[in-house]
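Hi,

Here is the structure I said I'd send over. Have a look at it first, and then read on for my notes.

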Amino acid sequence: MDHMDAGFVGLERALMVKAKTLDRLTKEYTEAQKKLKDSSLEADKKTFLKAQVPKMETEIKTLKEALKSLLEEDELDPRGEYFVLAQKLIK
């Protein structure tokens, strides 16, 4: 987390954390899916990824639901960076 994130409190902070986490997790999920299709990947790594992918899917679903409920709050600025990011991620 960089020093610019320190100004967020309450709902804005929750939105920021969940949006950043979902953004990172979706990138990791996409990368894991690519690696699973790679025939040159070692079997033990594929086994690990196969165990992690369902956990990632569950976490992604949970974060999307949490972000949907946060976006419905009136106190958040719809022009904010993380509000826009969250909208993009839940589609």
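Below is what turned up, starting with the overall fold and moving on to the charged side chains.

One thing to keep in mind: this is a predicted model.

**Overall fold**

The protein chain has three helices and zero strands, so reading along the sequence you simply get α-α-α. As for its dimensions, the C-alpha atoms fill a box of roughly 50 × 25 × 15 Å along the principal axes. The radius of gyration is 16 Å, whereas a compact globule of 91 residues would come out near 12 Å. Buried residues account for 27% of the 91 residues.

**Salt bridges**

Searching the whole structure gives three salt bridges. Helix α1, which covers residues 10-37, holds the pair Asp-23 and Lys-27. Their closest N and O atoms are 3.5 Å apart, and the two residues sit four apart in the sequence, about one turn of the helix. Lys-27 counts as exposed because its relative accessible area is 55%, and the cut-off for exposed is over 50%.

Arg-24 and Glu-28 are also both in helix α1, again four residues apart and about one turn of the helix. This salt bridge has its closest N and O atoms at 3.0 Å. Arg-24 is partly exposed, with a relative accessible area of 44%, and Glu-28 is partly exposed too, at 33%.

The remaining pair is Arg-79 with Asp-77, where the closest N and O atoms are 3.1 Å apart. Arg-79 is exposed, at 72% relative accessibility, while Asp-77 is partly exposed, at 32%.

**A negative patch**

Which residues form the negative surface patch? They are Glu-72, Glu-73, Asp-74 and Glu-75. If you want to find the patch in the viewer, go to Asp-74, which lies in the loop between α2 (43-71) and α3 (81-90). Is Asp-74 buried or exposed? Asp-74 has a relative accessible area of 74%, so it counts as exposed. That also puts Asp-74 over the 30% a residue needs to be part of a patch.

**To recap**

You have a predicted model with the pattern α-α-α, three salt bridges, and a negative surface patch that includes Asp-74.

Cheers

Conventions:
Residues numbered from 1 in each chain as written. Predicted model: local features only at pLDDT ≥ 70, side-chain atom pairs only at ≥ 80, totals over all residues. Heavy atoms only, no water. Patch = residues over 30% accessible without salt bridge, like charges linked within 9 Å, V, L, I, M, F, W, Y side chains within 5 Å. Areas by Shrake-Rupley, 256 points an atom, 1.4 Å probe, with all protein chains shown as cover. Salt bridge = Lys/Arg side-chain N within 4 Å of Asp/Glu carboxyl O. Lys, Arg positive; Asp, Glu negative; His and termini not counted. Charge placed at Lys NZ, Arg CZ, Asp CG, Glu CD. Buried < 20%, exposed > 50% of the residue type's maximum accessible area, 1.4 Å probe, protein only. Rg over C-alpha atoms; globule rule 2.2 N^0.38 Å.
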